[in-house]
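Colleague: I am new to reading models like this one. Could you take me through the words you use for it and show how each one is earned?

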Amino acid sequence: MQSDRERLQARLVGVNEGKSTADKRCGQFLAAIMNGATVGVGVRVMKFHREGDRLVMDAQAEIPEIASEVEFLTLLMNVGLDRVRRCLLPGCGNWFVASKGQKFCTLQHGNRYSYEVWRKRQKKGRRGR
Ligand SMILES: [Zn+2]
């Protein structure tokens, strides 16, 4: 079985790609939350129906259209925001679930960042001479 971290990572891949409306909305939620905003999601509808002369309330039902967003936000709660980061490589900015101290979405992006920092230093050094 997948852990919440793995499930959240899979959802973040979807958010980064932003193909579905739900993924786009989750990306907006995440960005807003990280910026300190409060987000509202209409989580439940109450359903009533008649049984003879009695009015009966059904179990509160999730609205199917937002189930995906609710699941995403629940995973965020379980995993914790300190674990969710944005890749620091300029031009990437992908969201990911970080291991300790991880700053880049992939090892390749970490390497590319180090290389670009090194290259900038080389250029600066040459200009200074
Ligand atoms: Zn990246």
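Modeller: Gladly! Helices (H or I, at least four residues) and strands (E, at least two) are DSSP runs, numbered from the N terminus. Leu 30 is found in helix H2. This is a predicted model, where local features need pLDDT of at least 70, side-chain atom pairs count only at pLDDT 80 or more, and totals for chains, interfaces and linings use all residues. Residues are numbered from 1 along each chain as its sequence is written.

Colleague: Why does Leu 30 count as buried?

Modeller: A residue is buried if 20 or more other C-beta atoms lie within 10 Å of its own, exposed if 12 or fewer, and partly exposed in between, with C-beta atoms placed from the backbone. Leu 30 has 21 C-beta neighbours inside 10 Å, so it counts as buried.

Colleague: What makes the buried residues of H2 line one face of the helix?

Modeller: In H2, Asp 23, Cys 26 and Leu 30 are buried. Seen down the helix axis, the buried residues fall within an arc of 60° (taken from the directions from the axis to the C-beta atoms), so they line one face. On the other side of H2, Thr 21 and Ala 32 are exposed.

Colleague: How do you know that the length of H2 agrees with its expected span?

Modeller: The expected span is 1.5 Å times one less than the number of residues. For the 14 residues of H2 that should be 20 Å, and the end C-alpha atoms are 20 Å apart, so the two agree.

Colleague: Which residues does Leu 30 touch, not counting those up to four places away in sequence?

Modeller: Leu 30 touches Val 15 and Trp 95. Contact here asks for C-beta atoms, placed from the backbone, within 7 Å.

Colleague: What makes E2 and E3 a pair?

Modeller: Two strands pair if DSSP finds at least two bridges between them. Strands E2 (residues 48-51) and E3 (residues 54-57) run antiparallel and are joined by 4 bridges. One of the bridge partnerships is Phe 48 with Met 57. The two strands form a hairpin with 2 residues between them, and Gly 52 in the turn has a positive phi of about 60°.

Colleague: Why is the chain called more spread out than a compact globule?

Modeller: There are 4 helices and 6 strands in the chain. The radius of gyration, taken over C-alpha atoms, is set against the globule rule, 2.2 Å times the number of residues to the power 0.38. For 129 residues the rule gives 14 Å, while the chain has 22 Å, well over that, so it is more spread out than a compact globule.

Note on methods: Contact = placed C-beta atoms within 7 Å.
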